[in-house]
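Trainee: Could you take me closely through the ligand site? I would also like to see how the strands elsewhere are laid out.

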Amino acid sequence: MLETDVLIAGAGPAGLLLAAELALAGVRTTIVERLPERPPYCRGFNLNARALDLLARRGLAEGLVAEGHRVPHAPVTGLPGPLLLDGAATDHPFSLGIPQTRVEEVLEARALELGVEILRGHDLRSFTQSADDVAAVVHNGRFGRTVRARFLAGCDGSRSIVRKQAGIDFPGADARWYALLGDVECELPYGPSAGPDGRSVFVIPRPGYVRIVVREDDPPSDKNTPVTLERLQAQVDAVLGRHVELRAPRWLSRFGDAARLASRYRSGRVLLAGDAAHIHPPAGAIGVNVALDDAFNLGWKLAATVHGTAPEGLLDTYHEERHAAGSRILANTRAQVALEEAGEEPWADLMRRVAAHPAGNRALAEIITGLDACYEPGGHPWLGRLAPDVPLQVSGTETHLAALLHAGRPVLLDLTGSFAAWSAGMEVVAASSSSTSDIEAVLLRPDGHVAWVGTPGSGEAGLAAAVHRWVGDVPVPASA
Ligand SMILES: Cc1cc2nc3c(=O)[nH]c(=O)nc-3n(C[C@H](O)[C@H](O)[C@H](O)COP(=O)(O)OP(=O)(O)OC[C@H]3O[C@@H](n4cnc5c(N)ncnc54)[C@H](O)[C@@H]3O)c2cc1C
């Protein structure tokens, strides 16, 4: 029997970042991962501006940015031109080309460094939950054992056993089409190659090989049927109307445009994050990024709940905030596919004209990347949003806002030197800034989203309520 505070099923981007966030907050965390080692192929190849902004709140973006290559726009499907990020609400106005496997390596190293236990080759088979804990049966191929934890996080991908066994519905739309994917070598040029009937084979450059994507005619009734090189070759030749040899297959797979969203992200002591909570068409290259967003939102809330310091209802705000975000992601990705298929439909023409307009182009870039995330709409423009990484002076030293969040604690940024008494349960950082003239103080949640803004003349109004809502039942100064 193994005991831990939080058991995480799955060491993908969601599981690894969640584990690192929990361990940063001092929570005993164990990951069980079915695969004995990371697969040799790589699914995703990008981090978007929103994910980079979040990772920067823990000091994790800089190293990745130095390794990857920057593209000044957001990936999008169905529009003729790019969505530019110049001027968008982000500290990272670019997409970063970097293999998902590399992102996972970096997150895994951080999780291990912070003390997370990662059990590879361990399959979570079943679990039961009681009022006090969760007991999961985990199998390593030779024998099973029970892991008892206070919470279980299902970060176990789209076919999540955790989601199914928790009885959480996964409503949505079945796939209308399937595509074959092959990481191979061939002589086709990068980009779309059209065949005689207008259908195309897409060729995406990858390091040392290419990724071929082609819609599949007559997919098998069992979509888990392995894809063979012969099958892919026949489909490519059928679409192109000629033979183009595909060689040296590294990874062959099939995907569709199904869109489903878990009806609940929490069921008692069980939580879902990443693909376990949502699947969507492959438009906008968003899956890794949303998985990280979910984990970042959940980590600090679950940690406070485990420590017993969480305000009433804090953990439920994870479902409220990220289920709504998931719903928007399904809508955005489905809209992109619809746009791609719309041809000369009048609404599609309107969308293309919006995208051609600089303000419309930027708005679409922010929506599709999730940069428009706002958990408390209304009020000051910063409220509910990720606070921008403005430069600050703290104790005579130049720093910036994101650096204040590296420890993963709530921060009261005090720009007038009059909030020192509010130190219970959070860091109060007295600072000056030349770029925030209409702000006197900001309460930052550990994920960097703004819980309260004090403006000239507003004094401390509303701060006590925001502290009780996001930080906990801590003593507030008599002045409040
Ligand atoms: C071909 C392809 C291309 C993609 N390209 C991009 C892209 O360019 N950009 C992007 O952002 N996203 C992309 N994605 C999506 C992205 O890969 C996923 O959205 C992302 O990996 C989701 O992360 P996750 O942590 O939620 O789940 P996963 O990465 O799927 O991780 C889940 C983990 O759980 C493990 N697991 C499952 N069941 C169990 C169990 N019972 N016990 C223990 N472990 C278990 C699995 O082995 C796996 O390691 C792509 C996906 C595909 C298929």
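Mentor: α7 contributes the most residues to the shell around the ligand, namely four. This is a predicted model, so read every contact below as a feature of a prediction. α7 covers residues 287–307. Three further elements, α1 (13–24), β2 (29–33) and β9 (123–129), also supply at least two shell residues each.

The shell counts 31 residues around the ligand. Those that come nearest are E33, R43, N46, Q100 and V288. By class, 14 residues of the shell are nonpolar, 10 are polar and seven are charged.

Now the polar contacts. R43 places a polar side-chain atom 2.6 Å from an oxygen atom of the ligand. A14 uses its backbone: a polar atom there is 2.9 Å from a ligand oxygen. L124 also uses a polar backbone atom, 2.9 Å from a nitrogen atom of the ligand. As for cover, the ligand taken alone exposes 1,000 Å², and the protein buries 84% of that.

Several of these residues can be placed on the elements. A14 falls within the range of α1, 13–24. E33 closes the range of β2, 29–33. L124 lies in the span of β9, 123–129. V288 belongs to the stretch of α7, 287–307.

N46 leads on to a sheet, since β3 spans 46–47 and stands at one edge of it. That open sheet has three strands, ordered β3-β7-β4, and its pairing is antiparallel. β4 (69–71) stands at the other edge. β3 and β4 each have a single partner strand, so one side of each is left without a neighbour in the sheet. β4 and β7 (residues 95–97) run antiparallel and are joined by three bridges. Within that pair, S95 in β7 stands opposite V71.

Next, a hairpin. β14 (residues 191–194) and β15 (residues 200–206) run antiparallel, with four bridges between them. G191 has V203 in β15 as its bridge partner. Five residues sit between the two strands of the hairpin. G198 takes a positive phi there, near 90°.

Further along the chain comes an open sheet of four strands. Its order is β25-β24-β26-β27, and the pairing is mixed. The edges belong to β25 (427–430) and β27 (450–454). Each has a single partner strand, so one side of each is left without a neighbour in the sheet. From one strand to the next, the twist averages 15°.

Look at β24 (residues 411–414) in that sheet. β24 and β25 run parallel, and four bridges join them. D414 has A430 in β25 as its bridge partner. A helix completes this part: α11 (residues 463–470) lies across β24, β26 (441–444) and β27. The direction of α11 is at about 170° to β27.

Key: Residues numbered from 1 in each chain as written. Predicted model: local features only at pLDDT ≥ 70, side-chain atom pairs only at ≥ 80, totals over all residues. Heavy atoms only, no water. Pairing = 2+ DSSP bridges. Axes fitted to C-alpha atoms, helices over the stretch in contact; angles between N-to-C directions. Contact = heavy atoms within 4.5 Å. Near = heavy atom within 4 Å. Polar contact = N/O pair within 3.5 Å; in protein donor to acceptor, adjacent residues only side chain to side chain. Areas by Shrake-Rupley, 256 points an atom, 1.4 Å probe, with all protein chains shown as cover. Nonpolar A, V, L, I, M, F, W, Y, C, P; charged D, E, K, R; others polar.
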